[in-house]
Amino acid sequence: MEFPEELRYTREHEWALDESGGRVRIGITDYAQDALGDVVYVDVPETGTEVRAGEPFGEVESTKSVSDVYSPVNGTVVERNPLLDERPELVNEEPYGDGWMIVVEVSDPDQLDDLMGAAEYRTFVEEVGEG
Amino acid sequence: MKSTDPALHRTPLEDEHRRLGARLGPFAGWLMPIEYGGTLAEHAAVRQGVGVFDLTHLGKLDVTGPEALDVLQRTVTNDVSRIEVGRAQYNMVLDDAGGIVDDLIVYRLGEDRYFVVPNAANTARVHEVLLDEAGGSRVDLVLHEDWSFLAVQGPRAVEVVGALLPEGAGLGYMGCAEARYRDVPLILARSGYTGERGFELFPPGGVVVDLWREILDSGGVVPVGLGARDTLRLEMGYPLHGQDISTERTPLEAGASWAVSFDKGPFRGRDALLRRREEGVPARLWGLRMLDRRIPRAHYPVFAGGDRVGETTSGTFSPTLRVGIALAYLEPAGRFTAGDRVEVDVRGRRAPAEVVKPPFVDRSPR
């Protein structure tokens, strides 16, 4: 299971990448996609939608269940991944790559400091796995 | 995941599943494989090639003796006297109010020898009902807790099973026979829950590991978990007890009147069912095919013309059709026909759907 160093992580298993200039790219983690199973539908908001940290911005449906996806930050959606409409399986295949979900413009990039780093998230996932 | 819960029953194939990388999960009191390589791939393997399932959790009950037929006639809904030796029949067990206690297949292996396979969660209850009906009769009931149950399903199933068990090659749909594997007798049937051609095998625990391995080594046979078993059965519109049918519903509502023989003589639930038929059937189980990309799950409200007309009982993404499908009780029973439009409340948003008479996919197990 991968935990890229450059990403920040939430307890709900989303990742956030600081692309500088106030842009934060968001998706779900390798752990999350593995736990969900085959992803068959992804509902992501239109650009211009306001998102709030800790609140759901979309849904991921797998063959067995549906899960909310939570925003790691406050801000406005400025890009949504158009590939996911036709190829939701990208979330399984490349959770940190072409399986990204939205890009959010944030007013305060310091918000990312509240999230976990890679090592901390790895420990968190291991504890979840044992629990 | 509490995969080590000591209260769960364990299949003798658990180590095999772990070696194959299965995700195991609790199901009806058993720790069973939910998926191996992914539900979509496993589903496709069964539709296009062949897959093997471990279904050890289901019940395996012998009903044998000169009065076996009479006991079964009083217990189940269908006319068991119509089953020829070497054939099988779909049945339901009802409670005194006509509610569905279980649905199961009755196999006839010999003149006085029957075999029934209840759902895992209902095995104890069905056994109890049979014991009750058998009281004082010349009949032996044996619950085979040490037997396993493997299903081999898919277009290539006849080829795979026929090569291992020659007795299977000649069996027609819903046929059954006793076969021998390594000199050990086992029950073999041309039945299933996927909509594909296939076999169900009931080997004693002692040979199940060897048989499982040999089936997987036949070439191109994919292990399939309970996740794909659910998507496969739902594409055919087969009801699952505990979800789509229960003691809260009768065979009349579930569209299973064809499995009820009112004129064969008395059976559990018959009088109540006749009464309820006269009173009028309140709802009817239908298929729903989504017209947008939303995916229905169980217990979503269904609306038509602004009225709430029912609720889904099962729902999933159909891997074959690439859209959401569901089963739902719609009321009143006579209001709907195939092709009608309804709306499913998918977590607060209404999504359009079409009423369908299952199966959703054009497949046949024959």
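The following paragraphs describe the overall dimensions, secondary structure and selected local features of chains A and B in a predicted model.

Chain A contains three helices and nine strands. Along the sequence, these elements succeed one another in the order β-β-β-α-β-β-β-β-β-α-β-α. The radius of gyration of chain A is 14 Å, close to the 14 Å that the globule rule gives for 131 residues, and the chain is therefore as compact as a globular protein of that length. Taken along the principal axes, the C-alpha atoms of chain A occupy a box of roughly 35 × 35 × 20 Å. Burial in this chain extends to 53% of its 131 residues.

On the surface, a patch of negative charge is formed by D108(A), D110(A), D113(A) and D114(A). Of these residues, D114(A) is located in the loop that connects strand β9 (102-105) with helix α3 (118-130) of chain A. The relative accessible area of D114(A) is 70%; this residue is classed as exposed because its value lies over the 50% cut-off.

Chain B comprises nine helices and 20 strands. For its 366 residues, a compact globule would be expected to have a radius of gyration near 21 Å, and the value of 20 Å found for chain B agrees with this expectation. The box filled by the C-alpha atoms of chain B is roughly 65 × 50 × 40 Å along the principal axes. Among the 366 residues of chain B, 59% count as buried.

Helix α8 of chain B, which spans residues 226-236, has 10 of its 11 residues buried and is therefore largely enclosed by the rest of the structure. The buried set consists of L226(B), G227(B), A228(B), R229(B), T231(B), L232(B), R233(B), L234(B), E235(B) and M236(B). It thus includes the charged residues R229(B), R233(B) and E235(B), together with L226(B), L232(B) and L234(B). The helix α8(B) is followed by G237(B), for which phi is positive, near 75 degrees.

Positive phi values also occur in chain B at residues other than glycine, including A28(B) and D183(B). In A28(B), phi is near 50 degrees. This alanine is found in the loop between strands β2 (23-27) and β3 (30-35) of chain B. With a relative accessible area of 38%, A28(B) is partly exposed, because the value falls between the limits of 20% and 50%. In D183(B), phi is near 70 degrees. The loop that holds D183(B) lies between strands β11 (176-181) and β12 (184-189) of chain B. The relative accessible area of D183(B) is 64%, and this aspartate is therefore classed as exposed.

Cis peptide bonds were identified in chain B, including one that precedes P332(B) and one that precedes P359(B). The bond from E331(B) to P332(B) has an omega near -5 degrees. P332(B) is placed in the loop between strands β18 (323-330) and β19 (341-346) of chain B. The bond that joins P358(B) and P359(B) has an omega of about 10 degrees. P359(B) belongs to the segment that comes after strand β20 (349-356) of chain B.

Technical notes. Residues are numbered from 1 along each chain as its sequence is written. Chains are lettered from A and ligands numbered from 1 in the order in which they are written. This is a predicted model: local features need pLDDT of at least 70, side-chain atom pairs count only at pLDDT 80 or more; totals for chains, interfaces and linings use all residues. Side-chain values use heavy atoms; hydrogens and water are left out. Patches are made of residues with over 30% relative accessible area and no salt bridge: like charges are joined within 9 Å, nonpolar side chains (Val, Leu, Ile, Met, Phe, Trp, Tyr) within 5 Å. Accessible areas come from the Shrake-Rupley method with a 1.4 Å probe; for residues, only the protein chains shown count as cover. A salt bridge is a side-chain nitrogen of Lys or Arg within 4 Å of a carboxyl oxygen of Asp or Glu. The place of a charge is taken as NZ of Lys, CZ of Arg, CG of Asp or CD of Glu. Helices (H or I, at least four residues) and strands (E, at least two) are DSSP runs, numbered from the N terminus. Buried means under 20% relative accessible area, exposed over 50%, partly exposed in between (1.4 Å probe, protein chains only). The radius of gyration is taken over C-alpha atoms; the globule rule is 2.2 Å times the number of residues to the power 0.38.
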